[in-house]
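Here is a brisk report on one model. It takes charge, fold and aromatic packing in turn.

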Amino acid sequence: MILGATGLLGKALMSEWNRDEVVGLGSRDVDIRDADTVYEVVAKARPGWIVLVAAYTNVDECESHPDLAFAVNRDGAVNVAKAAKQTGAKLVFLSSDYVFDGKKSSPYQAGDARNPQSVYGRSKAEAEIRLLEVLPECCIARTSWMFGTGGKCFPDTILKLAATRPGLDVVNDQRGCPTYSVDLARAIIELCRKSASGIVHITNSGHCSWFEFAREIVKGAGLATEVRPVSGQQMARPAPRPAYSVLSPKSLQQYGIAMPAWQDALQRYLQERNN
Ligand SMILES: NC(=O)c1ccc[n+]([C@@H]2O[C@H](COP(=O)([O-])OP(=O)(O)OC[C@H]3O[C@@H](n4cnc5c(N)ncnc54)[C@H](OP(=O)(O)O)[C@@H]3O)[C@@H](O)[C@H]2O)c1
């Protein structure tokens, strides 16, 4: 069962997951804030695995709507974990690099201390802690900088802007790992097949700044738009972003799973976008 099947990652999971019977639900089918309905839906379908990708994902809006952020991202996740426990389902919960403060200068390991700086990050960090209490054997999959054709994402925004402007200013002092929804979906499916548990980091391999990412996007699309580096301070937004949120692949490698480089993933995204 995929909860959040109508979102960016949910759509990739739905199209990549063949071989098994899959039930995909969006917020119109079940609001994860409603514990009773969550239990009813799960008890009826009796899934072997629940992949919980449903979330309130607008990081900036979370700053002005903290109650909603915690209700969906933390309490909603706990409702799902309890339903999983009561029905014997296994659970993968999608979490984020925003659980970290971004002050390290070497890749974050799965066991590194959480220190979220934003409401969204806190809602995810508190969800992780509560989930490990409710369902200690659950799998927490942290990812970052996701892109794909199923919804709004950074490459899509850059391509739309680049089509209408001669130049773009993009932040160069925040580093992370871009992650293609298709590659992430494949890794999650494999983790389910391997009965994964504990915290696992899943991103495409390699890392870059937003500026470097944008430059590669514009180049890959064959556009002549100039991409200029600026500091995060010049482009201040409501939610603070971690300056460095590179996630180490070690926890994923323990399951024998290797992720393609983000540049390779970007090329495949651009092809998919053109089809
Ligand atoms: N995007 C990223 O860069 C990124 C980075 C790190 C982690 N993540 C995590 O990865 C997961 C997937 O992200 P995404 O970008 O695919 O998200 P998304 O495109 O924003 O989709 C969110 C999904 O959650 C559902 N949803 C929202 N509120 C709900 C509620 N109260 N009850 C039930 N369903 C609800 C939405 O349903 P409807 O569309 O039907 O309303 C939609 O299917 C999330 O957990 C997110 O926090 C994302």
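Positive side chains number 32 in the protein chain, and negative ones 30. The centres of these two sets lie 2 Å apart. These values come from a predicted model.

The protein chain folds into 10 helices and 12 strands. Its radius of gyration is 18 Å, close to the 19 Å that the globule rule gives for 275 residues, so the chain is as compact as a globular protein of that length. Other whole-chain values follow.

| Property of the protein chain | Value |
|---|---|
| Span of the C-alpha trace along its principal axes | about 55 × 35 × 35 Å |
| Residues that count as buried | 51% of 275 residues |
| Accessible surface | about 12,500 Å² |
| Share of that surface belonging to carbon and sulfur atoms | 48% |

Contacts reach far along the sequence. Take those between residues at least 6 apart: 81% of them join residues at least 24 apart.

Now the rings. The structure holds 12 aromatic pairs. One stacked pair is formed by Phe 147 and Tyr 180, at 5.4 Å centre to centre with 10 degrees between the planes. Which parts of the chain does this pair tie together? Phe 147 lies in strand 6 (residues 146–147) and Tyr 180 in strand 9 (residues 179–180), so the pair links parts that are 33 residues apart in sequence. Are Phe 147 and Tyr 180 buried or exposed? Both are buried.

Phe 147 and Tyr 180 also belong to a cluster linked by ring pairs. Its other members are Trp 145, Phe 154, Trp 210, Phe 213, Trp 262 and Tyr 269.

Terms used. Residues numbered from 1 in each chain as written. Predicted model: local features only at pLDDT ≥ 70, side-chain atom pairs only at ≥ 80, totals over all residues. Heavy atoms only, no water. Helix = DSSP H or I, 4+ residues; strand = E, 2+ residues; numbered from the N terminus. Rg over C-alpha atoms; globule rule 2.2 N^0.38 Å. Buried < 20%, exposed > 50% of the residue type's maximum accessible area, 1.4 Å probe, protein only. Contact = heavy atoms within 4.5 Å. Areas by Shrake-Rupley, 256 points an atom, 1.4 Å probe, with all protein chains shown as cover. Lys, Arg positive; Asp, Glu negative; His and termini not counted. Charge placed at Lys NZ, Arg CZ, Asp CG, Glu CD. Phe/Tyr/Trp six-rings, centres within 6.5 Å; stacked < 30°, edge-to-face > 60°.
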